[in-house]
Amino acid sequence: MPQTKPPILQLDDVRLTFRTRAGTVRALNGASLTVHEGEAVGLVGESGSGKSTLARAVLGLNPERSSRIEAGRILIAGRDVTRLSQAEWEAARGHPVAMVFQDPLSFLNPIMRIGRQIAESIERHAPDRRVEQRVGELIELVKLPSSLARAYPHELSGGMRQRALLAVALACEPRLLIADEPTTALDVTTQAEILALLRDLREKLGMAMLLITHDLGIVASACERLYVIYAGRVLEWGRAQDVFGAPAHPYTVGLFHAARADRDAQGRFATIGGEPPDLGETAQGCPFAPRCPKAMAECARAMPHASVLADGETHAVRCWLYPPTRESETAVERLGEA
Amino acid sequence: MRRFLVARLGWAIPVILAILIVNFLIIHIVPGNPIQALIGDFPAPPGYADQVRHEFGLDRPVLTQLGLYLLNLAKGQLGFSFANRQPVLGLIIERAQFTLLLMLPALAAAALLGIVMALAAAPRAGSLYDSGLTALSLVGFSLPIFWLGQLLVIVFAIKLRLLPAQGMFSLRTRLTGWAYILDVGWHLILPMFAVTIYYVAIVARVARASVLDALSQDFVLTAKAKGLSRRHVLWRHVLPNALIPVVTVIGYNFGYSLTGAILVETVFAWPGLGNLFITSIGNRDYPVLQGIFLLTAIAVVIANVATDLIYAALDPRVRAAGFRHA
Ligand SMILES: Nc1ncnc2c1ncn2[C@@H]1O[C@H](COP(=O)(O)OP(=O)(O)O)[C@@H](O)[C@H]1O
Ligand SMILES: [Mg+2]
């Protein structure tokens, strides 16, 4: 599926490390990803696979002193933000990319009224607007009662807080909204409401969305394309319908089993067996190999290039089960990834 | 809010009463003789001591004395100072003013300085500036205040002859109006400096920890993500959240500051409550000691209630809890 719209966000082989007391953590190991204007893209992976780190890297929000982008590029609407200074970041955040976070209680300032927290975004990004009126509009937009402008976060339910957090981000008038597990802290009914709201908002505002989740079910209902990430590496990506129709990477297959809550003979929920990878080592081969039910000798030796699976170049995977051909390599380049 | 206040103050009355009774008994159990202290070493006629003892009611059983004291207290009478030949209430109020004159500006300055220092240091945790500040506040905190006071006197009063060493007024002149105020201010500098250093160290330590804690909170990330400047995030999001524990420390210290100045007042001969306390112990001046205990207990209670109110003003979550429980 050739994308006609220009990319709003591009990550190109990004490597990011954290320095910790226990040593270096390689959180992103050559992550590449593209979101086009207006597009809804999912980023899926187990907990600890580097999703939040990737999202934060896009806004320069990883800890300034302990994190470092070692290689690769991050482009926002074509502008390279990989090496921005803190002052430049202050000018760049919020627009055109804004972000909502996982736990809506801890991510709202507990002692500031909801309306004020929204107003701060407006004053920063659209100062000529009539702030109070605009706060009202935004609160209405996320379908909260207007009286909540004067409420404090602790007075709201989980779902309402997530809406409030959404209003804070939307007040920046973003062209891309990054939502980092926006429904993980919520119960199932509220999850569905928030997802429906996100879909509505995207249609109404025409903004792109990068939806981060560990739950493939959420991606199915909300995203056109998706990336599957493990150990800071994208292992599979493509149009949602293609990946869902024929998941290729054993890791993706494992995630599908977990999402459908398949039970094994003992009635336990299926999870992918084994331990998450040690990010302190530079893995030579595929990071998933030690846990992969289909691991082969090659897997430990090197990471394969991407191979395109579907006709129309809409689905690609990096796995030795699908050795890349020359044609597929050029196709991958045309896909704009890897 | 009203019910919260009533509940807190209602609880305070039995607490203060208990403090008074315990202190009354302690003072009277501790050996020492107020009459001897009062008459001094002069040879007095044999009946005189007994007469004085009877005059002040000191020949009655301790429990009777306690009962009488509480009865008088209920009538608003704090008694009469043997040593100062003056009603206790007036004496204590006069001295408390001098103490407040010393402590209020010192505490305010310490609070401001401590918070600003912490705000500057915490975002650069681990830097040279931050480590320096931590080390300094540790030193300031552990310096004995009388030692620091004497050091200040030696350097600024005796060696450099810049500031007066002792007291609150220049003794040989009778000043009025602005000259009087300036003179008191002049005498105030050194003792206030000593107190400020001590409290700055305390406030800076607590404030640094709570600013660091607030900085690591998730909402700081939201504030940054919307593009707010570092300064805006620090002053509008981090500081108000960090103030909550700092206010507690300042508020509770404030309650004790009335008598907390004992050492400084002694070193600088500042005529405040602390000074009165020490001389009254020497004189076994029971009514004055009792009065100081009463005032301190009341001050601590009021400071704690005020702290809770400020707390509630800063934190809507506390407000909500307060309404529900009180
Ligand atoms: N600030 C940090 N300092 C050190 N390590 C971190 C930090 N943030 C994340 N990590 C590590 O990076 C890896 C990826 O974390 P994260 O991006 O939060 O994963 P996810 O969001 O997919 O659960 C994890 O191993 C995590 O421990
Ligand atoms: Mg995460």
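This passage walks through a predicted model, starting at ligand 1 and moving on to the aromatic side chains, chain B and one loop residue of chain A.

Ligand 1 is a good place to begin. Its surroundings are made up of 13 residues, and the closest are G48(A), G50(A), K51(A), S52(A) and T53(A). Several of these come with a polar atom pair. For G50(A) the backbone does the job, with an N or O atom 3.1 Å from an oxygen atom of ligand 1. For K51(A) the side chain takes over, and one of its polar atoms sits 2.8 Å from an oxygen atom of the ligand. S52(A) also uses its side chain, where an N or O atom is 2.7 Å from an oxygen atom of ligand 1. Taken on its own, the ligand has 560 Å² of accessible area, and the protein covers 67% of that. Two elements of chain A give two or more residues to the shell, namely β1 (7–20) and α1 (51–58). The top contributor is α1(A), which supplies 3 residues. Sorted by character, the shell holds 4 nonpolar, 7 polar and 2 charged residues.

Next come the aromatic rings. Counting over all chains, there are 8 aromatic pairs in the structure. One of them joins F244(A) and F256(A) in an edge-to-face arrangement, with the ring centres 4.9 Å apart and 85° between the planes. The two partners are 12 residues apart and belong to separate helices of chain A: F244(A) to α8 (residues 240–245), F256(A) to α9 (residues 250–259). How buried or exposed are these two rings' residues? F244(A) has a relative accessibility of 23%, so it counts as partly exposed. F256(A), on the other hand, comes out at 6% and is therefore buried.

Chain B has a pair of its own to look at, formed by F277(B) and F293(B). The ring centres are 5.9 Å apart and the planes meet at 80°, and because an angle over 60 degrees is what edge-to-face calls for, the pair gets that label. F277(B) sits in helix α12 (residues 273–283) and F293(B) in helix α13 (residues 286–314), so the contact ties together parts of chain B that are 16 residues apart in sequence. With a relative accessible area of 14%, F277(B) is buried. F293(B) has 21%, and since buried means under 20%, F293(B) is classed as partly exposed.

Two further aromatic features round this out. In chain A, Y230(A), Y251(A) and F288(A) come together as one aromatic cluster. In chain B, a charged side chain meets a ring: R124(B) lies over the face of Y129(B), 5.2 Å from the ring centre.

Stepping back to chain B as a whole, its secondary structure consists of 14 helices and 2 strands. Its C-alpha atoms fill a box of roughly 85 × 60 × 40 Å along the principal axes. The chain has 326 residues, of which 42% count as buried.

Last comes S157(A), back in chain A. This serine is found in the loop between α4 (131–141) and α5 (158–170). Its relative accessibility is 38%, so S157(A) counts as partly exposed. Which distance separates S157(A) and P104(A) in space? C-alpha to C-alpha they are 9.7 Å apart, while in sequence they are separated by 53 residues.

Definitions and conventions
Residues are numbered from 1 along each chain as its sequence is written. Chains are lettered from A and ligands numbered from 1 in the order in which they are written. This is a predicted model: local features need pLDDT of at least 70, side-chain atom pairs count only at pLDDT 80 or more; totals for chains, interfaces and linings use all residues. Side-chain values use heavy atoms; hydrogens and water are left out. A residue is near a molecule or strand if one of its heavy atoms lies within 4 Å of it. A polar contact is a pair of N or O atoms within 3.5 Å; within protein, one must be able to donate a hydrogen and the other to accept it, and residues adjacent in sequence count only if both atoms are side-chain atoms. Accessible areas come from the Shrake-Rupley method with a 1.4 Å probe; for residues, only the protein chains shown count as cover. Helices (H or I, at least four residues) and strands (E, at least two) are DSSP runs, numbered from the N terminus. Ala, Val, Leu, Ile, Met, Phe, Trp, Tyr, Cys and Pro count as nonpolar, Asp, Glu, Lys and Arg as charged, and the others, Gly among them, as polar. Rings of Phe, Tyr and Trp (its six-membered ring) pair if their centres lie within 6.5 Å; planes under 30 degrees apart count as stacked, over 60 as edge-to-face and the rest as tilted. Buried means under 20% relative accessible area, exposed over 50%, partly exposed in between (1.4 Å probe, protein chains only). A charge sits over a ring if NZ of Lys or CZ of Arg is within 6 Å of the ring centre and within 35 degrees of the ring normal.
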